[in-house]
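Biologist: Please take me through this model one feature at a time, giving me the general idea first and then the case at hand.

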Amino acid sequence: MTPQTTVLPEQMCLRCGHVYDRASNFENDHRPSPGDFCVCIRCAYVMAFNDDLTLRHLTIRELIEAGNDPDVRRHVAAVRAIPEELQANERRTKN
Ligand SMILES: [Zn+2]
């Protein structure tokens, strides 16, 4: 199964300001829908999609739900691993 990419309205991560215009699921072909969680590919901040697929901060209830959701936790961990690998590659090329 190949992850599908969905084009979104251009917007920024609500924490780091990374600009988005698309979203993908790492593990399946699920496409974003209102109320789904979204993990920033740069900083791993967890947000949710509004009805128009723009991003919003989580409510307290959603924050608790996301923290207990194994899918969200796995995606956060995967995103957090990306910068470490890139940083390691950067260090290797400078030495
Ligand atoms: Zn971010």
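## Reading the model

Modeller: Let us start with a single pair, in which Cys38 has Met47 of S4 as its bridge partner. The model is a predicted one, in which local features need pLDDT of at least 70 and side-chain atom pairs count only at pLDDT 80 or more, whereas totals for chains, interfaces and linings use all residues. Residues are numbered from 1 along each chain as its sequence is written.

Biologist: How many helices and strands are there in the chain?

Modeller: Helices (H or I, at least four residues) and strands (E, at least two) are DSSP runs, numbered from the N terminus. The chain has two helices and five strands, and along the sequence they follow the pattern β-β-β-β-β-α-α.

Biologist: In what sense do S3 and S4 pair, and over how many bridges?

Modeller: Two strands are said to pair if DSSP finds at least two bridges between them. S3 and S4 pair in the antiparallel sense over three bridges, while strand S4, residues 46-49, pairs with S5, also in the antiparallel sense, over two bridges. On that second side, Ala48 has Arg56 as its bridge partner in S5, and Phe49 stands opposite Leu55 in S5.

Biologist: What is the order of the strands in the open sheet?

Modeller: The open sheet of three strands has the order S3-S4-S5, with antiparallel pairing. Strand S3 (37-39) and strand S5 (55-56) stand at the edges with a single partner strand each, so one side of each is left without a neighbour in the sheet.

Biologist: Which strand pairs with S1?

Modeller: S1 pairs with S2 in the antiparallel sense over five bridges, and one example is Gln11, whose bridge partner in S2 is Tyr20. The hairpin of S1 and S2 has six residues between the strands, and Gly17 there takes a positive phi near 85°.

Biologist: What is the phi of Ala44?

Modeller: The general idea is that most residues other than glycine have a negative phi. Ala44 departs from it, with a positive phi near 70° in a residue other than glycine; Ala44 belongs to the turn of the hairpin formed by S3 and S4, which has six residues between the strands. Leu53 likewise has a positive phi of about 65° although it is not a glycine, and its place is the hairpin of S4 and S5, with five residues between the strands.

Biologist: Why does Ala44 count as partly exposed?

Modeller: The count rests on C-beta atoms placed from the backbone: a residue is buried if 20 or more other C-beta atoms lie within 10 Å of its own, exposed if 12 or fewer, and partly exposed in between. Ala44 is partly exposed because it has 19 other C-beta atoms within 10 Å, and Leu53 is partly exposed with 18. Asp29, in the loop between strand S2 (19-24) and S3, counts as exposed because it has 11 C-beta neighbours inside 10 Å. Strand S1 (residues 5-12) has eight residues and the number buried is zero, so it lies largely in the open. Of the 95 residues of the chain, 8% count as buried.

Biologist: Which residues make up the largest nonpolar core?

Modeller: A nonpolar core is a set of buried Ala, Val, Leu, Ile, Met, Phe, Trp, Tyr and Cys residues joined through C-beta atoms within 7 Å. The largest one here has seven residues, namely Ala23, Cys38, Val39, Cys40, Val46, Met47 and Leu55. S3 and S4 are the elements that give two or more residues to this core.

Biologist: Which residues does Cys40 touch?

Modeller: Two residues are in contact if their C-beta atoms, placed from the backbone, lie within 7 Å. Leaving aside residues up to four places away in sequence, Cys40 touches Cys13, Arg15, Cys16, His18 and Tyr45. Arg42, which lies in the loop between S3 and S4, touches Cys13, Cys16 and His18 under the condition that residues up to four places away in sequence are not counted. Arg42 is partly exposed, with 16 other C-beta atoms within 10 Å.

Biologist: How far apart in sequence and in space are Arg42 and Gly17?

Modeller: Arg42 and Gly17 are 25 residues apart in sequence and 9.3 Å apart in space, C-alpha to C-alpha. Asp29 and Thr5 are 24 residues apart in sequence, with 8.2 Å from C-alpha to C-alpha. For the chain, residues 24 or more positions apart account for 46% of the contacts with a separation of 6 or more.
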